[in-house]
Structures are given as C-alpha cells and as structure tokens.
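Biologist: Got a minute to walk me through this model? I'd like to start with how the helices pack.

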Amino acid sequence: MTPKTQIEKQLAALSATLSPINPEVFVWAEKNIFLKWGVLSRSKFYCLDCTHVWKPSCQSSCAKFTACPACKGRLKMMPCNQVHFKETEYFAVVQRFAGFQVVRMAIAYKRMKKNFAPTHFHHEVMQHWISPAGEVRTLSRSTNAFSQACDAWKFYSPLEIRPKDFVRNAKCFINPYKVFPQIKVLPILKRNGFKSSVHDIAPHLLFASLLSDPIAETLLKARQIKLLQHYLRVSGQGIRRNWQAVKTAIRNSYKIADVQIWEDYLELLRHFKKDLCSPLYVCPENLSGAHDRLVHKKRGLLRKKKLQDLRLEIEKAQSRYASDKKRFFGLSFQDRELNISVIENVKDFMREGDDLGHCVFTNEYYGKKDSLILSAKIADKSVETIELSLSRMEVLQCRGLKNRPSNHHKQILRLLSQNLYQIKQRMKKRNVKAEADN
C-alpha cells in the first residue's frame with residue numbers, strides 16, 4: 001500500500017532507516033526458540049541437533065522424550081519417520097525508535113535431516129509501530145492470497161504500510177513464541193507498569209493497551225496477570241461488565257485460578273442478586289466448588305419452578321439457535337472411538353450440562369452469536385464440551401466433567417484443530433450466498 005497520510009509517510013521513512021536485526025538475535029533465536037528433536041529409524045535413535053546416532057534401550061524407545069548421549073540435549077521424539085523435518089516459530093525484537101515503540105516480528109525456520117546438522121532461516125516479516133497515545137500502525141510483507149494459511153509470507157516483497165483497520169486482521173494477532181530479552185521500551189510504558197515480561201501476550205497488543213486503556217494498566221500494576229491475559233486475548237467485555245468485582249478481587253489480593261469459571265460464577269451471583277462488591281461472594285476459597293453449587297441451585301430452580309416455561313423457552317430458543325447456526329449442523333469429526341459434533345438442539349445443551357455438571361445450558365451458551373458449541377463423545381457418552389470462537393477460529397473453552405479436562409483432552413483439541421478448515425468452509429459458503437442474494 002502506498003503511504004498517503006502524513007503519519008503513514010513518516011512511518012514508511014522511519015522503517016527504511018531502521019537498522020537490520022542484529023545477527024546476535026538470530027543466534028539467540030536458534031538456541032532458545034526451537035525444541036531439540038530426535039527420530040527413531042530402523043531401531044536407531046538419530047539426534048537431529050548434533051547428528052549423533054545410537055541404539056536405544058527398550059524402555060527409552062517408547063518414551064516421548066529421551067536424552068542424547070553426545071550433546072546431552074532433551075530430545076522430543078518425532079511421531080513419524082521421514083527424510084526431512086521442519087519447525088517454524090515466531091520471535092519478536094522490542095525497540096524504541098524516534099519516539100515510537102517498535103515491535104519487530106520475525107519468522108524462523110529450522111530444517112532438519114538425519115545425519116546432517118540443522119540449518120536455520122530467519123526473516124523479518126512485520127513491524128508494529130506504537131505511538132505514545134497507543135495507536136498501532138503496521139508494516140508487513142505480502143502474503144500468498146491463494147494459501148489457506150494467513151502467514152504464507154512472500155519474503156521477496158518489501159515491508160509496506162498497512163491500512164489502519166489492519167489491527168483486525170488475523171496476522172495482527174500473531175503472538176511470538178519468545179521475545180528477545182534485551183527489551184527497550186518507552187519511559188511511559190515503565191510508568192504504566194511494564195517491567196520486563198510480556199506475560200505470553202503479543203507485545204504490540206500489550207503495549208498499545210497499556211498506553212490507551214486504564215483497565216489494562218490497573219490489571220498489570222495489580223499483578224492480576226491471568227485477568228490481563230483474558231482481557232487482551234479473549235474478550236474485554238466480561239472484565240468491563242464485572243469491573244466492580246475485579247476491583248474487589250484486587251483490593252483483597254485474590255488470585256483467580258480460572259478466569260472463565262470466575263466470570264461464569266459472577267453471572268450466577270448476578271442471577272441470584274448477590275453483592276458483587278462483597279469479598280465474601282467475589283473471592284471464594286474454592287472457586288470451582290462455589291461455582292458448582294450455584295449451577296446446581298439454579299438448575300434445580302429452573303426445573304422445579306419453570307419446567308413448562310422452560311419447554312416453551314427451549315422451543316423459542318431452538319428457532320433462534322437454528323437460524324444462527326444451521327449452516328454448521330451436520331458437522332462431525334471422527335478419530336477412532338472419539339467423535340466431535342456440533343450441538344444442534346437446545347435441549348441437548350441441557351443434557352450436556354447435566355451429564356458434565358457445567359453451565360453450558362444454565363448460562364445460555366446457545367445464544368452466543370460468535371460461539372460455536374460442540375460436544376466430544378466417546379461411545380455416545382459426552383466427555384467434553386467445546387466453545388469455539390467463529391471470528392478468531394480458536395478454542396475458548398474445552399471442559400469435561402466438573403469443568404476439568406478429560407483424559408482425551410489433547411486428542412480432542414488435536415482432532416478439532418485438524419478439522420477447523422471444514423468450519424471455515426461452512427462460513428465461506430454462507431458469506432458467498434449472502435453476497436449472491438444482495
């Protein structure tokens with residue numbers, strides 16, 4: 001994009017004068033952002049980091065990790081035997097330049113092959129320029145428009161200024177695996193609570209929020225890191241809605257173990273008209289137990305007092321739910337005995353909540369426009385319920401019995417991740433049909 005406004009021309013000129021990333025940063029990245037890998041081939045272990053080869057013992061051959069006798073590295077074993085292996089990660093370099101906070105994003109590749117030393121490739125692909133007022137403008141390389149991946153970079157393309165609304169693009173939410181430890185920030189960021197860690201939050205999102213949002217500043221200064229992560233990563237609406245309760249938690253130095261459960265618990269307190277400024281309610285010693293008690297209480301009242309009304313509500317809610325999510329009905333993913341499918345009936349939300357003892361029905365998750373709710377079953381028995389964000393295509397929650405992960409948790413997440421493209425296809429078909437109708 002050709003710079004048009006004064007700020008765009010200024011940032012394009014500043015980016016052109018910015019020094020290339022120091023080679024020592026690439027050396028640090030090669031040592032710190034990649035795992036050490038090994039592979040079992042023809043009854044021998046191959047270290048893909050130092051090229052050492054040795055015969056394993058029977059016990060170590062079945063382990064997910066093993067130690068290389070030569071380089072003493074802890075090797076993660078490749079799940080398959082092939083010729084070439086590749087690992088890709090992002091890292092960031094944080095600098096200040098000409099009064100701006102600059103976050104430079106680089107992609108790194110590690111290519112591995114048995115009996116050969118690994119090779120590395122690094123390329124800067126994006127720059128986030130943040131003004132002292134918290135406004136973010138991004139320069140990035142072009143991507144392949146025909147690729148399903150949002151980060152299929154064209155490395156030969158230049159860094160170009162992007163439109164102001166680029167902050168809503170999926171590429172803007174890329175979170176680097178690690179940040180180069182020599183971080184240089186604007187003095188105002190130190191004043192607003194930043195010390196040395198980005199707390200596993202995309203640096204440009206954290207810095208922009210600290211410069212423009214007093215809620216983010218308050219959460220960081222109070223060291224409520226989990227609340228801050230939830231506020232910036234998932235949705236700020238819940239934190240804003242429950243801000244009085246958040247301040248009560250801060251005043252009482254209450255650390256929240258599970259923010260999603262805590263927000264659901266506050267909704268239940270609000271339903272029962274409890275005081276959300278009282279630490280007695282807001283800061284329970286056993287959050288999970290307090291949440292489950294209120295869920296059980298609300299469920300009992302719904303069934304005891306409003307059974308007939310509930311049936312009418314389910315019928316009305318079913319028509320609205322079908323109208324919103326009908327395009328996803330019929331989606332089902334299978335992996336041996338595991339089956340993941342979209343919940344198609346509101347009454348099944350009630351059954352899911354009863355079977356697993358959580359609040360997917362009680363808190364009316366079927367009414368969330370941006371969420372798709374799926375059920376993971378083993379032998380037709382529910383083991384976990386999944387909430388997927390349709391705008392970000394990422395799992396918000398995946399909870400089993402009593403909101404705890406089941407023994408199949410990793411398998412469920414892996415199967416869902418492998419089939420996200422099917423959900424994207426259903427969304428694209430709906431959008432194409434809507435455009436045709438217009």
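Modeller: Sure. Bear in mind that this is a predicted model. A good place to begin is helix 4 (residues 203–212) and helix 5, whose axes come within 6 Å and cross at roughly 105 degrees.

Biologist: How are helix 4 and helix 5 oriented to each other, then?

Modeller: They're roughly perpendicular, because an angle of 65 to 115 degrees counts that way.

Biologist: Which residues meet there?

Modeller: From helix 4 you have S209, L210 and S212, and they meet P214, A216, E217 and L220 in helix 5. By class, that contact has four nonpolar residues, two polar and one charged.

Biologist: Okay, and helix 5 with helix 6: how do their axes run?

Modeller: The axes of helix 5 and helix 6 (residues 225–233) come within 8 Å and cross at roughly 155 degrees. Helix 5 and helix 6 are therefore roughly antiparallel.

Biologist: Is that crossing left-handed or right-handed?

Modeller: Left-handed. On the helix 5 side the contact uses I215, A216, L219 and L220, and on the helix 6 side I225, L227, L228 and Y231.

Biologist: What classes do the residues of that contact fall into?

Modeller: Eight nonpolar, with no polar and no charged residues between helix 5 and helix 6.

Biologist: What about helix 5 and helix 8, how far apart are the axes and at what angle do they cross?

Modeller: The axes of helix 5 (residues 214–221) and helix 8 (residues 243–251) come within 11 Å, crossing at roughly 20 degrees. That angle makes helix 5 roughly parallel to helix 8. The crossing of these two helices is left-handed.

Biologist: And who makes that contact?

Modeller: I215, T218 and L219 from helix 5, with W243, V246 and I250 from helix 8. Five of the residues in this contact are nonpolar, one is polar and none is charged.

Biologist: Switching to cysteines, since I'm thinking about sample prep. How many disulfides does the structure hold?

Modeller: Zero.

Biologist: Why is C283 not bonded to C277?

Modeller: Because the sulfurs are too far apart: C277 has the closest cysteine sulfur to that of C283, and it's 11 Å away, whereas a disulfide needs the pair within 2.5 Å.

Biologist: And where is the nearest cysteine sulfur to C398?

Modeller: In C359, 14 Å away, and C398 is in no disulfide.

Biologist: Are C283 and C398 buried or exposed?

Modeller: C283 is buried, at a relative accessible area of 15%. C398 counts as buried too, with 11% relative accessibility. The reason is that buried means under 20%.

Biologist: New topic: R74. Where does R74 lie?

Modeller: R74 is in strand 5, which covers residues 74–77. With a relative accessibility of 59%, R74 counts as exposed.

Biologist: Which residues is R74 in contact with, beyond its sequence neighbours?

Modeller: Setting aside anything within four places in sequence, R74 contacts K36, F65 and T66. As for K4, 70 residues away along the chain, its C-alpha atom is 51 Å from that of R74.

Biologist: Last one, the big picture. How many helices and strands does the chain have?

Modeller: There are 15 helices and 16 strands. The C-alpha atoms fill a box of roughly 70 × 60 × 55 Å along the principal axes.

Biologist: And what share of the residues is buried?

Modeller: Of the 438 residues in the chain, 47% are buried. On contacts between residues at least 6 apart in sequence, 60% join residues at least 24 apart.

Methods: Residues are numbered from 1 along each chain as its sequence is written. This is a predicted model: local features need pLDDT of at least 70, side-chain atom pairs count only at pLDDT 80 or more; totals for chains, interfaces and linings use all residues. Side-chain values use heavy atoms; hydrogens and water are left out. Buried means under 20% relative accessible area, exposed over 50%, partly exposed in between (1.4 Å probe, protein chains only). Axes are lines fitted to C-alpha atoms, for helices over the stretch in contact, and angles run from 0 to 180 degrees between N-to-C directions. Helices (H or I, at least four residues) and strands (E, at least two) are DSSP runs, numbered from the N terminus. Angles under 35 degrees count as roughly parallel, over 145 as roughly antiparallel, 65 to 115 as roughly perpendicular and the rest as oblique. A crossing is left-handed if the near helix is turned anticlockwise from the far one by less than a right angle, and right-handed if clockwise. Contact means heavy atoms within 4.5 Å. Ala, Val, Leu, Ile, Met, Phe, Trp, Tyr, Cys and Pro count as nonpolar, Asp, Glu, Lys and Arg as charged, and the others, Gly among them, as polar.
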